[in-house]
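Ready for some practice in reading a protein structure? Take a look at the sequence and the model, then work through the exercises one step at a time.

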Amino acid sequence: MRHPHANSVVHLELHTGDLRGAVDFYTRLLGWHGERIDAGQGSYMALGMGDRVGGGVVECPSGEPLWLPYVEVSDVSAATDRAQSLGGEVLLAPREGPEGWRSVVSTPGGGEVAFWQPKNGRR
């Protein structure tokens, strides 16, 4: 994930029940090429979306496909708490992964946003 500015969108992730169809569509439409990533629990394809924003497609049972923006923050727990204090609902509490910490919240208006805090200043 990249970092152009504080609180910038650094990654876009499509959640869909049709990973193969989604990757094929975006490859043919925009030239975004997929690369399979071992995600342990399910299928994940990283998408080459250009130099500014990373991307990927997650196959998951979802009612409707959903694009989830990841916003880089300096403190994922503080951002999650702030979202909750503003009426957001925590869908995924802050958790650590190999490259950093993330959380996901729903917004009062029905959208979703993920927060991302990289480890050791990695981008």
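## Exercise 1: A pair of strands

E6 and E7 run antiparallel and are joined by 5 bridges. Keep in mind as you work that this model is predicted.

**Task.** Find out how many residues lie between E6 and E7 in their hairpin, and which residue of E7 stands opposite Arg95.

**Solution.**
- Step 1. Follow the chain from strand E6 (89–96) to strand E7 (100–106). The two strands form a hairpin, with 3 residues between them.
- Step 2. Now look across from Arg95. Its opposite number in E7 is Arg102.

## Exercise 2: The two sides of a helix

**Task.** Sort residues of helix H2 (residues 76–85) into a buried side and the exposed residues on the face turned away from it.

**Solution.**
- Step 1. Pick out the buried residues, meaning those under 20% relative accessible area. In H2 these are Val76, Ala79, Thr80 and Ala83.
- Step 2. Ask where they sit around the axis. They cover an arc of only 100°, so they lie on the same side of H2.
- Step 3. Recall a helpful rule: an α-helix has 3.6 residues a turn, so residues three or four places apart point the same way.
- Step 4. Turn to the face directed away from the buried side. There you find the exposed residues Asp81, Arg82 and Ser85.
- Step 5. See what the buried residues pack against. Their partners are strands E6, E7 and E8 (112–118).
- Step 6. Check both ends of the helix. At its start, a side-chain oxygen of Asp75 comes to within 3.0 Å of the backbone nitrogen of Ser77. Just after H2, Gly87 has a positive phi of about 105°.

## Exercise 3: Salt bridges

**Task.** Locate the 2 salt bridges, and decide for each partner whether it is buried, partly exposed or exposed.

**Solution.**
- Step 1. Start with the idea behind the search: side chains of opposite charge can pair when their charged atoms come close.
- Step 2. One salt bridge joins Arg28 and Asp24, at 3.3 Å from N to O. Both residues belong to helix H1 (residues 19–30) and are 4 residues apart, which means that about one helical turn separates them.
- Step 3. Judge the accessibility of this pair. Arg28 is exposed at 69%, whereas Asp24 is partly exposed at 38%.
- Step 4. Glu96 and Lys119 form a salt bridge too, with their closest N and O atoms 2.7 Å apart. Glu96 is in strand E6 and Lys119 in the segment after E8, so this pair ties together parts that are 23 residues apart in sequence.
- Step 5. Judge this pair as well. Glu96 is exposed, at 52% relative accessibility, but Lys119 is buried at 15%.

## Exercise 4: Nonpolar cores

**Task.** Which residues make up the largest nonpolar core, and which element gives the most to this core?

**Solution.**
- Step 1. Begin with a general tendency: in soluble globular proteins, nonpolar side chains tend to be buried together.
- Step 2. List the members. The largest nonpolar core has 10 residues: Leu14, Leu19, Ala22, Val23, Tyr26, Trp32, Met45, Leu47, Met49 and Val57.
- Step 3. Assign them to elements. H1 and strand E3 (43–47) each supply at least two residues of this core, and H1 gives the most, with 4 residues.
- Step 4. Look for another core. One of 8 residues lies apart from the largest, and its members include Val76, Ala79, Val113 and Phe115. Two names should be familiar from Exercise 2: Val76 and Ala79 are among the buried residues of H2.

Terms used: Residues are numbered from 1 along each chain as its sequence is written. This is a predicted model: local features need pLDDT of at least 70, side-chain atom pairs count only at pLDDT 80 or more; totals for chains, interfaces and linings use all residues. Side-chain values use heavy atoms; hydrogens and water are left out. Buried means under 20% relative accessible area, exposed over 50%, partly exposed in between (1.4 Å probe, protein chains only). The arc is that of the directions from the helix axis to the C-beta atoms. Contact means heavy atoms within 4.5 Å. A polar contact is a pair of N or O atoms within 3.5 Å; within protein, one must be able to donate a hydrogen and the other to accept it, and residues adjacent in sequence count only if both atoms are side-chain atoms. A salt bridge is a side-chain nitrogen of Lys or Arg within 4 Å of a carboxyl oxygen of Asp or Glu. Two strands pair if DSSP finds at least two bridges between them. A nonpolar core is a set of buried Ala, Val, Leu, Ile, Met, Phe, Trp, Tyr and Cys residues joined through side-chain atoms within 4.5 Å.
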